[in-house]
Amino acid sequence: MTDPLVDGTRVGELVSVLTEHGKTVATAESLTAGMLAATIAGVAGASAVLRGGLVVYATDLKSTLGGVDRARLAEDGPVAASTARALAEGARERCGADWGVGLTGVAGPDAQGGQQVGTVFVGLAGASGTSVKELRLDGDRWTIRKSAVSVAVSELLGRVKETSGG
């Protein structure tokens with residue numbers, strides 16, 4: 001049976017690889033509002049790898065809960081590479097996880113802070129450093145959010161495999 005949000009095989013593979021290497025993950029999510037954490041939790045055995053998640057939908061929570069520097073947030077805005085980077089690092093640190101994922105973007109219907117609908121930033125923080133991927137996604141709100149989760153799963157899976165030698 002596949003997950004209704006994203007390809008269940010990829011999510012299952014992510015949980016399996018994290019489990020195999022004894023690694024954990026935490027999320028700080030804005031536009032996806034916890035969808036990534038919920039998707040991971042939908043896989044049997046996820047309790048061994050999912051530490052938790054922060055829903056930082058409101059801009060002020062990106063700072064108070066997610067760890068984004070207030071001055072940087074004011075300067076760069078809530079939808080920015082620097083925000084995704086800080087959210088990933090904040091999730092990792094605050095939840096005591098090996099990996100942190102930060103998601104921020106614009107699902108629509110209107111642009112936000114100068115960013116167009118479909119602009120998404122995925123931050124990944126781990127022992128080997130933090131990276132951010134900028135996406136331009138198409139579709140309605142649901143499709144953009146679902147696609148962001150799918151990309152985050154794939155990107156994290158790739159990073160975990162890369163850093164674990166598998």
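This text walks through strand 3 and the largest pocket of a predicted model.

Residues are numbered from 1 along each chain as its sequence is written, and side-chain values use heavy atoms, without hydrogens or water. Local features need pLDDT of at least 70, side-chain atom pairs count only at pLDDT 80 or more, and totals for chains, interfaces and linings use all residues.

Start with strand 3, residues 99–105. Strands here are DSSP runs of E with at least two residues, helices are runs of H or I with at least four, and both are numbered from the N terminus. Seven of the seven residues of strand 3 are buried, so the strand is largely enclosed by the rest of the structure. Buried means under 20% relative accessible area, with a 1.4 Å probe and protein chains only. In a regular strand, side chains alternate between the two faces of the sheet. Both faces of strand 3 are covered. Trp99, Val101, Leu103 and Gly105 are buried on one side, and Gly100, Gly102 and Thr104 on the other.

Next, the neighbours. Strands pair if DSSP finds at least two bridges between them. Strand 1 (residues 25–29) runs parallel to strand 3, joined by five bridges. Ala28 has Gly102 as its bridge partner. Strand 4 (residues 119–126) runs antiparallel to strand 3, with six bridges. Here Gly100 stands opposite Ala125.

Now the pocket. The largest one has a volume of about 200 Å³. Its lining has 16 residues, and Tyr57, Gly105, Val106, Ala107 and Gln112 are the closest to its centre. Helix 3 (59–64) and strand 3 each give two or more residues to this lining. A pocket is an open set of points on a 1 Å grid over the protein atoms alone, where a 1.4 Å probe fits, with protein on both sides within 12 Å along at least five of seven lines; lining residues have an atom within 4 Å of a point.

Definitions and conventions:
Grid points are joined across faces, edges and corners, and a volume is the space filled by probe spheres set on the points. Buried means under 20% relative accessible area, exposed over 50%, partly exposed in between (1.4 Å probe, protein chains only).
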